[in-house]
Each structure stands twice: as structure tokens, then as C-alpha cells.
Amino acid sequence: MAADAKGVTEEDLANDTQTTGDILTNGMGRHLQRYSPLTTLNKDNVENLVPAWAFSLGGEKQRGQETQPLVYDGVMYVTGSYSRLYAIDIETGKELWQYDARLPEGILPCCDVINRGAAIFGDKIYFGTLDATLVALNLKTGDVVWRDRIADYRAGYSYTSAPLIVNGLVITGNSGGEFGIVGEVQARDAETGDLVWTRPVIEGHMGTFKGEESTMTGELNATWPGDMWKTGGGATWLGGSYDAETDTIVFGAGNPAPWNSWLRGAGNPEGNEGDNLYAASRIGMDPATGEIKWHFQTTPREGWDFDGVNEMVPFTDSEGNKRWATADRNGFFYVLNREDGAFVNATPFVKNISWAEGIDENGRPIFNEANRPGNPSKAADGGKGEVVFAVPSFLGGKNWMPMAYSQDTGYFYVPSNEWGMDIWNEPVSYKKGAAYLGSGFTIKPIFEDHIGSLKAIDPATGDIKWEYKNDAPLWGGVMTTAGGLVFTGTPEGEFKAFDAESGDELWSFQTGSGIVGQPVTWEMDGEQYVAVASGWGGAVPLWGGEVAKKVNYLNQGGMIWTFKLPKQLAAQ
């Protein structure tokens with residue numbers, strides 16, 4: 001699209017999927033479907049996709065490039081690890097400007113120094129930094145227009161996700177669930193940076209609206225013992241999605257703190273004290289006020305670090321019903337009603353799930369209590385509780401890496417991992433800025449031939465229509481197109497395209513480092529382009545246990561690879 005004097009508007013954001021000459025939002029649309037209606041590049045000619053240019057993120061900061069590029073008015077905007085942002089000419093790959101955040105000593109990022117992207121509105125671009133700060137930059141120059149602190153990094157807060165913009169508000173979550181923080185969603189005026197509303201996602205905390213107290217989240221002490229809600233975790237670290245039809249934003253809340261569920265009353269199956277709302281939940285909110293419309297808790301009594309942050313994607317099913325879908329860290333794929341978040345169905349999408357026997361008719365797990373890590377207070381020596389082998393591992397059947405939904409096949413394409421863990425509980429007490437786990441763990445593979453698994457899932461039945469198995473864990477995003485293609489990357493460095501119907505691999509390109517980024521596509525001058533960040537890192541090499549040893553040979557890196565289908569090859 002051509003830029004106008006007022007820059008990117010709310011209407012532009014709403015039409016992002018349909019306007020194929022730009023990419024204005026994380027998810028290629030605020031619904032996060034990651035679907036493009038472009039058909040120039042398709043199953044018949046994808047073998048002719050060739051590199052157009054590559055851009056190095058430079059320096060010694062070659063680590064964990066989980067970003068999604070944005071494209072507007074001839075410029076690509078990408079964030080890099082260590083809280084950097086670049087503007088790149090999309091025709092030549094030449095750098096136009098670069099912004100490097102000045103990070104203080106003592107930041108506490110849990111899961112590498114990554115950044116997952118930015119947001120555009122008006123004449124500004126917005127992104128968050130590892131010291132839990134939101135920055136607004138001028139699109140043309142990269143100059144700082146305003147910045148505001150989301151939370152105190154010294155208490156363990158950070159910020160890594162792409163902001164969400166709805167009706168002139170920049171809406172953000174927070175990170176830091178391993179440090180006893182409190183998950184929260186905040187909204188700021190995009191022009192001024194003024195805070196408009198806040199919504200803590202742990203029961204007992206007060207929200208605000210325009211500087212005044214609004215309403216309490218949930219009920220004080222309803223599902224938490226004592227004062228544990230004050231450091232209850234629930235980080236909203238993956239950001240949110242927006243459904244315009246119901247005017248609802250949905251943010252997910254991460255693990256309750258500490259991980260040791262016995263301390264939070266979760267080992268007692270009677271009553272609801274140990275449910276620990278709204279941790280490990282999806283929360284539907286009014287984007288104008290932050291008031292909660294509904295919630296759905298995927299893992300009450302959570303004790304395995306099954307964060308509930310994975311993206312909620314609105315879609316319309318084959319019978320015309322308006323639904324949400326999410327592939328949860330706990331290994332189950334959920335479908336909810338879009339109006340009120342009510343449970344519709346859930347099916348396993350990874351194998352050998354051990355912590356639950358299934359999901360009941362109300363959407364609640366049928367727990368296998370024997371697979372809950374043991375109570376350390378019952379240990380003979382007062383040390384760690386009984387060790388259990390649980391599946392999936394705490395990094396999840398699916399972690400942060402975004403899935404895609406095809407409006408043509410009706411399938412969700414889910415990047416998943418098949419792994420388990422030895423996990424045990426330990427005594428712990430809260431200390432500001434210190435890890436607040438009360439658990440130990442070692443991740444292990446459960447199959448010899450693969451860990452990663454890209455799956456095509458029919459949301460109506462939960463059936464897996466096809467599967468691509470990968471030796472190393474999958475940690476990058478997925479994109480699908482009306483050309484019948486599915487794109488994703490592997491830690492081994494291969495950027496791949498698959499047939500959306502059959503799962504056949506149609507094209508592959510070696511990028512030189514592991515891909516944990518998020519692919520995008522757009523058109524320019526009659527040619528279709530595809531781009532992805534390459535640069536191994538993220539949580540797997542830091543937290544992966546035996547799995548990390550399996551992939552320790554992989555090279556770090558920092559490149560934006562951009563490909564195109566030349567006009568003369570489009571018909572071949």
C-alpha cells in the first residue's frame with residue numbers, strides 16, 4: 001500500500017490480511033491466522049523461489065532471532081535480539097536506520113534475549129525491550145518519540161512480545177513468570193504514551209482506568225491460599241489477539257508462581273483453592289477498558305509449567321460457527337465459543353500425554369494425580385519430592401511458536417514437539433528478583449527418530465491430517481497461503497514449504513543458522529516475496545536438558561532472508 005499523510009490507520013490494521021502489499025501487524029492480521037490470500041506463489045511454482053537479498057543483524061548479537069518482519073511503504077521493519085529495531089529498504093536490503101535500546105545491568109530475561117516483533121500505527125513503530133520498557137519511534141527516522149516503563153526489571157519483569165494495537169491503544173503484556181511477578185495487560189494512548197488502563201490477571205489485584213481503580217480481578221483469596229496471589233505469576237508474555245466481530249482481545253496467562261503446586265493448594269483435589277485463577281488461562285477483555293468478559297483456564301491446579309499463553313485464533317468452522325482455537329502447552333488442542341469463551345471440545349495433539357487422562361465435558365482436565373510431582377514436605381529428608389516422568393515437557397506440546405490457519409483447507413498448522421521430562425518439587429520462598437520455582441527438571445526425548453512435529457489439524461474433529469517429523473525441536477512460526485503452501489523453518493537451518501493439503505515437502509533452502517523466526521509474505525510490482533529471520537536461540541538451548549545436548553552443534557546467527565518468485569518463473 002502507498003503511505004498517506006496520516007500513516008497507518010485503524011482501518012488499515014483491520015484490513016491487513018486483505019492488503020497484500022504490506023504487513024502491518026503481528027500475525028498478518030490481528031486475528032493471528034498467519035494466512036495470505038496471495039496465489040502468485042503456489043504449489044506448482046514454489047520450486048522457483050529464489051533469494052532476493054539477505055540482511056545481517058550484525059555484531060556479536062547473533063542469538064535467538066524470533067522476530068516477525070513488518071512491511072510498510074517500501075520499508076521492512078524487524079526487531080533483533082538484545083532489543084534492537086531495524087528499518088530496511090525492501091527492494092535492495094539496504095539498512096535505512098537502526099535503533100539499539102540501552103539495556104541496564106541486571107536484566108532478568110528467562111528465556112534468552114529475544115524479541116518477537118513490533119507494531120505500526122500512524123507515523124510510529126512500537127516495540128518492547130528486555131528491561132520491560134515500551135518505546136515509540138518515528139517510522140522515517142527511528143528517533144524516539146516516547147518511552148514508558150511497563151514494570152520494574154529489577155523484580156524480574158521483562159518484555160519480549162509484539163504489541164497489539166486496537167483503536168489507537170497500544171496493548172502489551174509482560175514477561176517474568178519465573179520470578180514471582182504478577183501478570184498484567186496494559187493499554188496506552190498510541191500518540192502520547194499515556195497509560196489508559198491496566199488489568200492484572202491474577203485474582204485479588206485491582207485494575208485501573210485512566211488513573212483510577214476500576215475493578216478487582218476475580219475474588220480475593222477465592223482460589224489462592226493466603227497471600228500467595230501477591231506473587232502469583234501468570235505472566236502475559238506472548239501478547240494477544242483481537243477479534244473485531246466480538247470486539248474482544250484475548251491474552252493468555254502463564255504459569256502460577258511458584259511451580260511447586262503443593263504450596264499453592266493444588267495437590268488437594270477438594271474445593272477450588274488450588275485452581276489459582278487466572279494463571280494458565282485465556283482471558284477475553286474489552287479493548288477499550290480492560291474489563292474481563294470471560295476466561296477459560298486450560299490447566300487449573302497447574303504443576304508442570306504449562307503456561308496458558310499460547311495464541312487464541314478466531315475462525316469460523318465448516319458449519320458457520322464462530323470459534324476460537326488454541327494449541328495449549330499442556331498438549332491439548334482446544335476449541336472455544338467466540339462469543340463467551342465457552343468450551344466446545346479438546347483433543348490431544350501430541351502423543352503419550354501423562355499428566356491428564358483427558359478433558360471432561362466442561363473443559364476441565366481429568367488429572368492423573370500420580371503424575372503430579374511429589375510434595376517435598378512429605379519427603380523423609382525434607383528435600384525434594386518424588387520425581388515423576390511427565391509428558392509433555394514443561395516447554396510444552398507447543399510453546400510460543402505461532403501456528404497458522406488456512407481459510408482454504410480449514411486446517412490449523414501447528415508446530416509441536418514430542419518430549420517429556422523428569423520433574424520434582426523442592427522447598428522455595430519468594431525473594432524479589434530471584435527465581436521462584438520450587439521445582440527441578442530434565443527434558444528428555446520420547447522418540448528416537450524425531451522431536452519436532454509440524455501437524456495439520458482439523459479443528460472440528462482434532463484429527464491430524466498430516467505430520468512432518470523433524471529431528472530437532474521445532475521453535476519457529478508457521479505461515480500458510482491461498483497458493484496451497486505452508487512455510488516454516490527448522491533449527492537445522494532449513495526454510496521449508498509444504499503442500500497444505502498433503503504435507504508433501506515442495507521446497508527447502510539452507511539459511512546457515514537455526515530458524516526460530518516467523519515467516520511472512522507480500523507482493524511488490526507483481527512479484528510475491530517471502531521473508532524469515534534466521535538465528536538459532538531461544539529457550540531450547542538454555543532449558544532443554546538432554547534435548548539441548550542433542551542440538552548443541554547448531555550455529556547461532558542473525559540474518560533476514562528475503563526470497564521472491566521472479567515474474568519469468570511464475571508460470572513454470
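In this predicted model, Arg30 and Glu10 form a salt bridge, with their closest N and O atoms 2.8 Å apart. The pair joins distant parts of the chain: Arg30 sits in the loop between H1 and strand S1 (35-36), Glu10 lies in helix H1, and 20 residues separate them. Arg30 is buried, at 6% relative accessibility, whereas Glu10 is partly exposed, at 21%.

The structure holds 32 salt bridges. The table lists three of them.

| Pair | Closest N to O distance | Separation in the chain |
|---|---|---|
| Arg30 and Glu10 | 2.8 Å | 20 residues |
| Lys550 and Asp471 | 3.3 Å | 79 residues |
| Glu527 and Lys564 | 3.4 Å | 37 residues |

Lys550 belongs to helix H3 (residues 546-550), and Asp471 to the loop between strand S33 (464-470) and strand S34 (478-481). Lys550 has a relative accessible area of 31% and is partly exposed; Asp471 is also partly exposed, with 35%.

Glu527 in strand S39 (residues 527-534) is paired with Lys564 in strand S40 (residues 559-564). Glu527 counts as buried because its relative accessible area is 11%, under the 20% limit. Lys564 is partly exposed, at 23%.

Salt bridges also link Asp243, Glu245, Lys322 and Arg338 in a network. Asp243 appears again at the largest pocket, where Ala14, His31, Tyr242, Asp243 and Ala244 lie nearest the centre among 18 lining residues. Helix H1 (10-14), strand S17 (240-243) and strand S21 (313-316) each give two or more residues to this lining, and S21 gives the most, with 3. The pocket has a volume of about 340 Å³. Its lining comprises 6 nonpolar, 7 polar and 5 charged residues.

Technical notes. Residues are numbered from 1 along each chain as its sequence is written. This is a predicted model: local features need pLDDT of at least 70, side-chain atom pairs count only at pLDDT 80 or more; totals for chains, interfaces and linings use all residues. Side-chain values use heavy atoms; hydrogens and water are left out. On a 1 Å grid over the protein atoms alone, a cavity is a set of points where a 1.4 Å probe fits but cannot get out, and a pocket is an open set with protein on both sides within 12 Å along at least five of seven lines; lining residues have an atom within 4 Å of a point. Grid points are joined across faces, edges and corners, and a volume is the space filled by probe spheres set on the points. Helices (H or I, at least four residues) and strands (E, at least two) are DSSP runs, numbered from the N terminus. Ala, Val, Leu, Ile, Met, Phe, Trp, Tyr, Cys and Pro count as nonpolar, Asp, Glu, Lys and Arg as charged, and the others, Gly among them, as polar. A salt bridge is a side-chain nitrogen of Lys or Arg within 4 Å of a carboxyl oxygen of Asp or Glu. Buried means under 20% relative accessible area, exposed over 50%, partly exposed in between (1.4 Å probe, protein chains only).
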